[in-house]
Amino acid sequence: MKILITDKLAKEGIDLLKSMPDVEVVVKTGISEDELAKIIGEHDGLIIRSATKVTAKVLASPGKFKAVARAGVGIDNVDMKEATRKGIIVMNTPGGNTLSAAEHTMALMLSMSRHVVPACNSLKAGKWDRKLYEGNQLNNKVLGVIGLGRIGMAVAKMASQGFNMKVIGYDPLAVPPEAGKLGVEITDKLERIFKESDYITVHVPRNEQTLNMINTDQINMMKPTVRLINCARGGIINEDAIYKALTEKRIAGAALDVFPKEPPEDMRFKDYDGCLVTPHLGASTMEAQIEVAVEAAQILVEAIRGTSISNALNAPSTTGSIPPLVNKYAELARRVGVVLSTIAPGVVKQVQVEYRGAIADMPVQGVTLNFEIGLLQKHFEMPLNMVNTPVLAKERGISIDVTKNPTPKDVASSFSAKVVTDKVTRTITGSVFGEKLLRIIEIDGFDTEITPQGCVAVIFNDDKPGVIGAVGTMLGKHKINICTMGVGQKLDQQKAVLMVSLDKTPDEDTIEDLSKLDFVNEIFVCNLD
């Protein structure tokens, strides 16, 4: 097989490929998009880093090209949709930089605590300011870790076992089972981390839920001696809030390795001795570069050989061997998962799915996995698929209890899912009519019917006259059209649910206006396509 390498890669990865008798290695770094598009079809696999762009143009004529491996985590430079459509496996190496990113987090904490950078600059300038740069120990301090994935857990381990810090952990998805063994005290209240921590570090992906997760309101809850660290993604801690807090001496320091735009155009951090900045160095160690290079080489060759697929970010299509009804239920289950991930906030404690009727006698493992993808996707930056979802769910301590009952209930076959979090319990039941029409037919015990597609708003409300008209009027005021609608009632409780699919996603002002309607108890909006 021919393996093309178009970005600088550690020698160890190239040497591993050259040691394989059935592999020919071609190294062409710095080539243009046009040249890559011209030669890509002559190669079985491609190894890249961040410089090479694998665009739709590059993939237009893939020839014998089968797989691409990114030596690193981010895959923004790969057109995932086009690669999937062309049946090309896209992989990355998410574990290779775990220790490097965790160690860099600790390095920034230590550097801030001991004023390493300003003290160094002072001494180089001919001064001897020992008293001015008196520091603080990490020992017995409280570290708040937001995000308990691989890197967050590695930081927690280093801090608790290496520096005798008290670690309080929070994760918006779920808690890894090993957290307790490391002595991490888990909290489901972010406010506790803000109020009690001497250091706060974030290790969550940047998405709608985490963008500006720490802003002025959160900083105002913190001790004036707190120090903030961001080695995850720019924008999770709002930069304007950081600089305002530094100016007002509301915090003791901040360390930023990442920025909303890289390289940053705003250089205001140079005005603050309390702000330590590095140019996205979390994964920049020789060891990490070697590890991701070797891992990328290994997983690429194994995928092309067909022996195994690791760290795949998209799954090759296998729809031809699966009954059409199962494929339809797989899509229904994914959409049910997305809705539940939206209407069931909090840390996941329990997940159950039930198959009833005809679908219960069919192979439904893929259906369950699709539900899991829909439920978990918003908590990860990387696209989830049939390969990586079970591993990532297991790391977070999430398992799904599956039951099958061939006896139908209400409809010929159905898929039901129940999610229990530390805040709510939610259930949704769906069915496929005529082997092609996807429907949600029940939500939290409310009988309803709606097509789960596009943008869907779920409104839990008091059951009273005028609800539908008021919602329609408010949406019309904001120039949003209702496509389909489903209503469910519980007459004995005088409660109802209204589900509406919309022709576009409502903005924050629209959602706020809807939530102010006197009959609205809760409102959620999710995108299902």
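Biologist: Rings of Phe, Tyr and Trp, with the six-membered ring standing for Trp, form a pair if their centres lie within 6.5 Å. By this rule, to how many aromatic pairs does the count come?

Modeller: The structure is a predicted model, and side-chain atom pairs enter only at pLDDT 80 or more. With the rule for ring centres applied, the number of aromatic pairs is five.

Biologist: How are the planes of the rings of Phe259 and Phe269 arranged: stacked, edge-to-face or tilted?

Modeller: A pair of aromatic rings is described by the distance of the centres and the angle of the planes. For Phe259 and Phe269 the centres are 5.9 Å apart and the planes stand at 40 degrees. Stacked would need planes under 30 degrees apart and edge-to-face over 60, so the pair of Phe259 and Phe269 is tilted.

Biologist: In which loop do Phe259 and Phe269 lie, and are they buried or exposed?

Modeller: Phe259 and Phe269, ten residues apart, both lie in the loop between strand S11 (253-256) and strand S12 (275-277). Buried means under 20% relative accessible area. Phe259 has 7% and Phe269 has 11%, so both residues count as buried.

Biologist: Which residue does a cis peptide bond join to Glu262?

Modeller: Most peptide bonds are trans. Here the bond that follows Glu262 has an omega of about -5 degrees and is cis. The partner has its place in the loop between S11 and S12, and this residue is Pro263.

Biologist: Asn212 and Glu435 are not glycine, although each has a positive phi of about 60 degrees; which of the two counts as exposed?

Modeller: Most residues other than glycine have a negative phi. Asn212 lies in the loop between strand S9 (199-202) and helix H8 (216-219), and with a relative accessible area of 33% Asn212 is partly exposed. In the loop between strand S16 (425-433) and strand S17 (437-443) is the other residue. Exposed means over 50%, and at 51% relative accessibility the residue that counts as exposed is Glu435.

Biologist: Are H11 and H12 roughly parallel or roughly antiparallel to each other?

Modeller: Helix H11 (residues 324-343) and helix H12 (residues 365-376) pack with their axes 6 Å apart and at an angle of about 25 degrees. Angles under 35 degrees count as roughly parallel, and therefore H11 and H12 are roughly parallel.

Biologist: By class, how many nonpolar residues does the contact of H11 with H12 have?

Modeller: H11 passes H12 in a right-handed crossing. Among the residues that make the contact are Val326, Tyr329 and Ala330 of H11 and Val367, Phe371 and Leu375 of H12. By class, the contact of H11 with H12 has one charged and five polar residues, and the number of nonpolar residues is ten.

Biologist: Is H14 roughly parallel or roughly antiparallel to H15?

Modeller: The axes of helix H14 (residues 467-477) and helix H15 (residues 508-515) come within 10 Å and cross at roughly 155 degrees. Angles over 145 degrees count as roughly antiparallel, so the direction of H14 relative to H15 is roughly antiparallel.

Biologist: Which residues in H15 do Val471, Met474, Leu475 and Lys477 in H14 meet?

Modeller: The crossing of H14 and H15 is right-handed. By class, the contact of H14 with H15 has four nonpolar, one polar and two charged residues. On the H15 side, those met by the four named residues of H14 are Thr510, Asp513 and Leu514.

Conventions: Residues are numbered from 1 along each chain as its sequence is written. This is a predicted model: local features need pLDDT of at least 70, side-chain atom pairs count only at pLDDT 80 or more; totals for chains, interfaces and linings use all residues. Side-chain values use heavy atoms; hydrogens and water are left out. Axes are lines fitted to C-alpha atoms, for helices over the stretch in contact, and angles run from 0 to 180 degrees between N-to-C directions. Helices (H or I, at least four residues) and strands (E, at least two) are DSSP runs, numbered from the N terminus. Angles under 35 degrees count as roughly parallel, over 145 as roughly antiparallel, 65 to 115 as roughly perpendicular and the rest as oblique. A crossing is left-handed if the near helix is turned anticlockwise from the far one by less than a right angle, and right-handed if clockwise. Contact means heavy atoms within 4.5 Å. Ala, Val, Leu, Ile, Met, Phe, Trp, Tyr, Cys and Pro count as nonpolar, Asp, Glu, Lys and Arg as charged, and the others, Gly among them, as polar. Buried means under 20% relative accessible area, exposed over 50%, partly exposed in between (1.4 Å probe, protein chains only).
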